[in-house]
Amino acid sequence: MNSNFESTRGKKIQCSASQAVIKGIANDGGLFVRRDMDILKINISDLKNKKYTEIAEIIISKILDDYPKESIKYCVENAYDKKFSSDDITPLVKVGNDYVLELFHGPTSAFKDMALSILPYLSTEALKLNEIKEKILILTATSGDTGKAALEGFKNIDGIKILVFFPNDGVSKVQKKQMVSQEGNNTYVYAINGNFDDAQSEVKKIFTNEEIREKLKEKNYSLSSANSINIGRLVPQIVYYFYSYMKLAEMNEITLGEKVNFTVPTGNFGDILAGYYAELMGLPVNKLICASNENNVLYDFIKTGTYDRNRPFHKTLSPSMDILISSNLERLIYHLSGSNNEYIKSLMDKLKSEGKYSVSDEIKNSIDNLFYAGYTKGLQTSETIKKVYGEYNYLLDTHTAVAYSVMEEFKQKDPHHKNIVLATASPYKFSKAVYESLFGENNADEFKIMELLNEKTRVPIPENLKTLKDKKDIHTSVINKEDMKNCFEVIL
């Protein structure tokens with residue numbers, strides 16, 4: 001079996017693709033990476049006129065190389081089926097002279113569905129491939145969308161339980177309701193007193209806690225993750241970069257080989273890292289534009305080469321991006337450092353002890369060649385929603401509005417390349433903020449505002465959100481972050 005994957009922090013920890021999917025995170029706290037990503041080239045001419053599922057099979061098979069082709073085909077066909085409300089899976093919509101890639105037509109109306117619809121299938125196939133009889137406990141921290149998408153993807157799957165933690169006051173009311181009303185005989189959800197970074201940090205500690213791992217082993221369980229720290233979450237996200245590029249070519253907006261810009265709203269750096277992997281694999285990318293809100297730690301890093309999380313944490317109109325510890329940045333620096341595991345370990349140790357680190361001039365120059373960063377404050381976000389709706393009759397959610405605003409800023413510097421903005425959620429998941437951006441303050445219940453927004457804009461409410469308000473709250477526990485490690489006793 002190929003051992004093409006290794007920990008970012010230690011070359012000695014190596015495994016196959018399917019083993020990396022099962023493990024989620026390496027025992028040393030590092031993230032699994034494929035060290036030869038830069039030689040896995042895709043000939044974009046081979047993707048002409050192919051459906052989303054066909055492109056997905058080609059790309060996922062190339063990276064997750066120990067899965068038989070028929071297994072990948074099975075996973076893809078079961079993931080991207082009628083639970084997506086668009087036959088295109090990810091429609092590319094022209095808005096003015098630019099394009100919005102709608103990644104929110106899945107079962108939970110967020111881009112996380114693109115990966116979390118297939119991860120359960122990749123996980124169960126991986127267990128078969130490795131002849132693993134242990135049961136799996138999926139452990140996940142969420143800033144809002146990952147939690148629901150993971151719960152929906154893994155619910156009622158034999159041999160797997162899923163435990164999700166979310167910040168009690170750090171998600172929208174719709175996101176919260178989606179999670180606390182989650183059905184399924186294997187789903188467990190806890191709100192925590194703290195923010196997403198608190199939840200994510202505690203989850204990472206649990207993964208590297210030998211005592212917890214031993215207790216789980218006694219009960220025939222091992223840990224895995226549904227966060228983008230899991231390579232099985234990340235790889236499927238590469239697909240929509242290639243797919244949107246090919247759609248642009250089909251529309252005769254570009255010629256094959258012409259470079260385009262992708263603007264990505266991101267907090268944990270996973271969605272934009274998938275774009276970096278696409279570029280490594282041969283996608284003609286001019287710039288990957290990293291769009292942040294007021295928690296602009298990534299903006300500062302890309303501009304200066306110093307990552308510093310020692311700063312105030314802001315609650316914003318785009319809560320899924322309210323993150324100061326961007327886990328997937330570790331993978332980018334690993335690749336740009338020439339796969340220097342010891343260097344990555346030293347940076348991550350420094351981040352843990354001092355809350356900051358700086359990369360070398362060589363790495364900073366590599367970042368400058370491909371990445372651009374911008375950020376948007378709350379008022380700008382609201383103004384962008386209003387402007388785009390007024391000019392183009394197109395409704396943005398608060399996260400996509402951040403990206404759209406940053407894209408417009410970058411167009412002043414580069415008016416020559418086509419632009420694709422990644423739309424990461426339905427506007428109805430953040431209906432209060434979107435409504436108030438367009439029509440002014442409204443103190444009605446968020447679900448009532450959802451209806452008002454629909455009445456005034458005629459933009460359809462996604463089916464999964466229409467009846468959400470009537471669902472029964474099942475998971476009502478609120479705990480302190482220090483108590484997260486004790487939740488296993490209840491669910492196993």
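1. A definition to start with: the axis of a helix here is a line fitted to its C-alpha atoms over the stretch in contact, and the angle between two axes runs from 0 to 180 degrees between their N-to-C directions. Please keep in mind, too, that this is a predicted model.

2. Now try that on a pair of helices. Helix α7 (residues 173–180) packs against helix α19 (residues 446–457) at an angle of about 115 degrees, and their axes are 10 Å apart. The crossing of α7 past α19 is left-handed. On the α7 side, the contact is made by Lys-173, Val-174 and Lys-177, while α19 brings Glu-446, Phe-447 and Met-450. Sorted by type, the residues of this contact are 3 nonpolar, no polar and 3 charged.

3. Next, have a look at the sheet. What is the order of its 6 strands? Going across this open sheet, you meet β4-β5-β15-β10-β11-β14, and the pairing is mixed. In general, strands of a sheet pair through backbone hydrogen bonds, either parallel or antiparallel. At the edges stand β4 (92–95) and β14 (371–375); each has a single partner strand, so one side of each is left without a neighbour in the sheet. From one strand to the next, the twist averages 25 degrees.

4. Inside that order you can pick out one pair to study. Strand β5 (residues 98–102) and strand β15 (residues 418–423) run parallel and are joined by 4 bridges. Val-100 stands opposite Val-421 in β15.

5. Ser-318 deserves its own point. You will find Ser-318 in the loop between β12 (306–308) and α13 (329–336). Is Ser-318 buried or exposed? Its relative accessibility is 2%, so Ser-318 counts as buried, the cut-off for buried being under 20%. Setting aside neighbours within four places in sequence, Ser-318 is in contact with Asn-293, Thr-398, His-399 and Val-402. Of these, His-399 shows how folding can join far-off places in a chain: Ser-318 and His-399 are 81 residues apart in sequence, yet 5.2 Å apart in space, C-alpha to C-alpha.

6. Finally, the aromatic rings. The count comes to 16 aromatic pairs. One of them is Phe-301 with Tyr-357, an edge-to-face pair with 6.4 Å centre to centre and 65 degrees between the planes. This pair links distant parts of the chain, since Phe-301 lies in helix α12 (residues 297–304) and Tyr-357 in strand β13 (residues 356–358), 56 residues apart. Both Phe-301 and Tyr-357 are buried. Elsewhere, ring pairs link Tyr-52, Tyr-80, Phe-84 and Tyr-243 into a cluster.

Methods
Residues numbered from 1 in each chain as written. Predicted model: local features only at pLDDT ≥ 70, side-chain atom pairs only at ≥ 80, totals over all residues. Heavy atoms only, no water. Helix = DSSP H or I, 4+ residues; strand = E, 2+ residues; numbered from the N terminus. Left-handed = near helix turned anticlockwise from the far one by under 90°. Contact = heavy atoms within 4.5 Å. Nonpolar A, V, L, I, M, F, W, Y, C, P; charged D, E, K, R; others polar. Pairing = 2+ DSSP bridges. Buried < 20%, exposed > 50% of the residue type's maximum accessible area, 1.4 Å probe, protein only. Phe/Tyr/Trp six-rings, centres within 6.5 Å; stacked < 30°, edge-to-face > 60°.
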